[in-house]
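Grab your viewer and a notepad. Here are a few short exercises, each with a worked solution.

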Amino acid sequence: MTERRLLRRIATAMGLGLAAGLLSGCAGDMQANTALPSLYLPLTTANASVDTAAARDMISAYRKGRGEAPLTVDPELQKLAETEAAAMAVADRPSQSRTVAAAIGRLGYASPGANLSAGYHTLAEAFSGWRDSAPHNAVMLSPDATRMGIATAYAPGSKYKVYWALLVAK
């Protein structure tokens, strides 16, 4: 399936009402794709980065729907998430969530949790994957969490391409 056809299907499925002409440009022209919400944009390029505000809003809305408080982006957790995502990309494998959560706790954060993964190319894919995995879902819905940091790192030579780190804590 071509990129253009895939984007049309996504737009149709999401009921975004995007004009067909918007997506009818060159399949390789990513500029036309910027009309899509950031959660559907591929993060498979060196200069791409996750939209932290969109991630916060999506996860907070999910939490609210399940009776949990929203999260705020914490600058220190954000830096840690960026560091961890980059380390996974260099190592070409996901880290262990328990190890990273323990490290967050040693830094003075209470109720630390981490979702570390690879292979999701969009924020929407990562969120869906985490929601559908009991351990990852528990991190997103941690009742004590009030703060978060989220980051991606791109590894072009990796079979996964995109590495993810979502860190939560109180």
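The exercises below go from the whole chain down to single residues.

This is a predicted model, where local features need pLDDT of at least 70 and side-chain atom pairs count only at pLDDT 80 or more, while totals for chains, interfaces and linings use all residues. Residues are numbered from 1 along each chain as its sequence is written, and side-chain values use heavy atoms, with hydrogens and water left out.

**Exercise 1. Check how far you can trust the coordinates.**

Step 1: start with pLDDT, the predictor's confidence in each residue, from 0 to 100. Its mean over the chain is 85, and 80% of the residues reach 70 or more.

Step 2: look for the weak stretch. Over residues 4-32 pLDDT stays under 50, and the model has 27 contacts (heavy atoms within 4.5 Å) beyond four places in sequence for that stretch.

Step 3: draw the lesson. Where pLDDT is low, don't read the predicted coordinates in detail.

**Exercise 2. Write down the fold pattern and the burial.**

Step 1: list the elements, using DSSP runs numbered from the N terminus (helices are H or I, at least four residues; strands are E, at least two). You get six helices and four strands, and along the sequence they read α-α-β-α-α-β-α-α-β-β.

Step 2: add burial, where buried means under 20% relative accessible area, exposed over 50%, and partly exposed in between (1.4 Å probe, protein chains only). Of the 170 residues, 39% count as buried.

Step 3: look at the range of the contacts. Among those with a separation of 6 or more, 64% come from residues 24 or more positions apart.

**Exercise 3. Work out the sheet and what packs on it.**

Step 1: pair the strands, which takes at least two DSSP bridges between them. The four strands make an open, mixed sheet in the order β1-β3-β4-β2.

Step 2: find the edges. β1 (72-73) and β2 (113-118) each have a single partner strand, so one side of each lacks a neighbour in the sheet.

Step 3: zoom in on one pairing. β1 and β3 (residues 147-154) run in the parallel sense over two bridges, with T72 opposite R147 in β3.

Step 4: add the helices, taking axes as lines fitted to C-alpha atoms (for helices, over the stretch in contact) and angles from 0 to 180 degrees between N-to-C directions. Helix α2 (residues 52-65) lies across β1, β3 and β4 (162-169), at about 130° to β3. Helix α5 (residues 123-131) touches β2, β3 and β4, and makes about 60° with β4.

**Exercise 4. Classify two of the aromatic pairs.**

Step 1: set the rule. Rings of Phe, Tyr and Trp (its six-membered ring) pair if their centres lie within 6.5 Å; planes under 30 degrees apart are stacked, over 60 edge-to-face, and the rest tilted. The structure holds three such pairs.

Step 2: take W130 and W164. Their centres are 5.9 Å apart and their planes at 90°, so the pair is edge-to-face. W130 sits in helix α5 and W164 in strand β4, 34 residues apart. W130 is buried at 1% relative accessibility, and W164 is buried at 0%.

Step 3: take Y160 and Y163. With centres 5.8 Å apart and planes at 75°, this pair is edge-to-face. Y160 is partly exposed at 26%, whereas Y163 is buried at 0%.

**Exercise 5. Locate two non-glycine residues with positive phi.**

Step 1: D92 has a phi of about 60°. D92 is in the loop between α3 (75-91) and α4 (97-106), and is partly exposed at 37%.

Step 2: S111 has a phi of about 50°. S111 lies in the loop between α4 and β2, and is partly exposed at 27%.
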